[in-house]
Amino acid sequence: MSTEESGVMRYGWVTAAAAVAVASLAVTACGPAGQGGGLSIKVDGSSTVGPLTQAAAELFSDRNPDLRVGVATSGTGGGFEKFCNGEIDIADASRKITAEEAEMCRAGGVSYYELQVANDAITVLVHRENPVNCLTVDQLRQIWAPGSQVNNWNQIDGIDYDAELTLYGPGTDSGTFEFFAEEINGDKEEQRADYQDIGEDDNTGIAGVMEDEGAMFYVGFEYYDANKDRVKALQIDAGDGCVAPTPEAVQSGEYQPLSRPLYIYPSRESMQKKHVKAFVDYFVDNSAEIARLAGYIPMTDEQAAKTEQALSDR
């Protein structure tokens, strides 16, 4: 069954409300992007950040029809590889660039801005009929640790639910994989290998959870928000009680340890082009509105100010 047939929504932002709201967003520097036809911007990277950048691109392009923003999703690691090789203008990332990647960029003569554009809650999804509502970090580690043999929900400490456990997760190039593995297992490369690897197609994991009462999938908040009538999000207990993945809990710091910032990395070389600078300025200036329209969690005022400062460091 395809994701379209199963009812999975690819992006949560494409709504009538979003279309109406386009007019209310401040569009900066329409001139440079709208002149000289055939201008393009290449973006690649995180499948979590991709829909957010796509939303920003389509909103911006409504007023700048001659500009094409191509958004691909090779995963955060795959995106940085292309970025540091000078193949793209902007890398979407669900984690910060690593020291090794930064060195690769230096070797390739690519410098960059690190700009947070939203927040995220890695969300643990299960079937709507699953009776479990909350898992502790220790229980998640028991499930996802390297070499784990847990294959039924009733093998998880404290869980009395008899159903075969089917696990879905992103590929190893994914920033979501690395963040989840680091926070749950203590090493960004360490996770059990016998799971359904969905690569960068997060909708495959959503469909799996919708169809299988024993399935589990972890993914960025936007994919849950777009499908919250079809799947259930588990609360997470990091030691202070069960906390649901909500925008309020992420912004307050209560949703731990699976809250994280989301980034774009435009190259300083590409930012010398007026149409690239215009798009990035628009994205940053309207980040809160774009995040809400796209089903993401906006930055706090403090985070937004830090991003504005980073962008002004020219």
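Trainee: In which sense do strand β11 and β12 pair, and over how many bridges?

Mentor: Strand β11, residues 235-237, pairs with β12 in the antiparallel sense, over 2 bridges. Keep in mind that this is a predicted model.

Trainee: Which residue stands opposite V243 in β12?

Mentor: That is I236.

Trainee: What is the order of the strands in that sheet?

Mentor: The order is β6-β11-β12, in an open sheet of 3 strands with mixed pairing. β6 (134-136) and β12 (242-243) stand at the edges, and each has a single partner strand, so one side of each is left without a neighbour in the sheet.

Trainee: Which helix lies across β6 and β11?

Mentor: Helix α6, residues 137-144, lies across those two strands. Its direction is at about 80° to β6.

Trainee: Moving on to α7. Why is it described as largely enclosed?

Mentor: Helix α7 covers residues 175-185, and 9 of its 11 residues are buried, so the rest of the structure largely encloses it.

Trainee: Which residues of α7 are buried?

Mentor: They are G175, T176, F177, E178, F179, F180, A181, I184 and N185.

Trainee: And what do the buried residues of α7 pack against?

Mentor: They pack against two helices, α4 (76-84) and α6, and against the strands β5 (123-127), β9 (215-219) and β13 (259-266). You met α6 already, as the helix across β6 and β11.

Trainee: New topic: at what angle do α11 and α13 pack?

Mentor: The angle is about 160°, and the axes are 10 Å apart. α11 is residues 274-285 and α13 is residues 301-312. That angle makes α11 roughly antiparallel to α13.

Trainee: Is the crossing left-handed or right-handed?

Mentor: α11 passes α13 in a left-handed crossing.

Trainee: Which residues make the contact?

Mentor: From α11 they are V280, D281, V284 and D285, and from α13 they are T307, E308 and L311. By type, the residues of this contact divide into 3 nonpolar, 1 polar and 3 charged.

Trainee: Last one, M104. Where is it found?

Mentor: M104 is in helix α5, residues 99-107. Its relative accessibility is 31%, so M104 counts as partly exposed.

Trainee: What is M104 in contact with, leaving aside its neighbours within four places in sequence?

Mentor: M104 is in contact with F80, E81 and C84.

Trainee: How far is the C-alpha atom of M104 from that of F83?

Mentor: The two C-alpha atoms are separated by 9.5 Å, while M104 and F83 are 21 residues apart along the chain.

Note on methods
Residues numbered from 1 in each chain as written. Predicted model: local features only at pLDDT ≥ 70, side-chain atom pairs only at ≥ 80, totals over all residues. Heavy atoms only, no water. Pairing = 2+ DSSP bridges. Helix = DSSP H or I, 4+ residues; strand = E, 2+ residues; numbered from the N terminus. Contact = heavy atoms within 4.5 Å. Axes fitted to C-alpha atoms, helices over the stretch in contact; angles between N-to-C directions. Buried < 20%, exposed > 50% of the residue type's maximum accessible area, 1.4 Å probe, protein only. Parallel < 35°, antiparallel > 145°, perpendicular 65-115°, else oblique. Left-handed = near helix turned anticlockwise from the far one by under 90°. Nonpolar A, V, L, I, M, F, W, Y, C, P; charged D, E, K, R; others polar.
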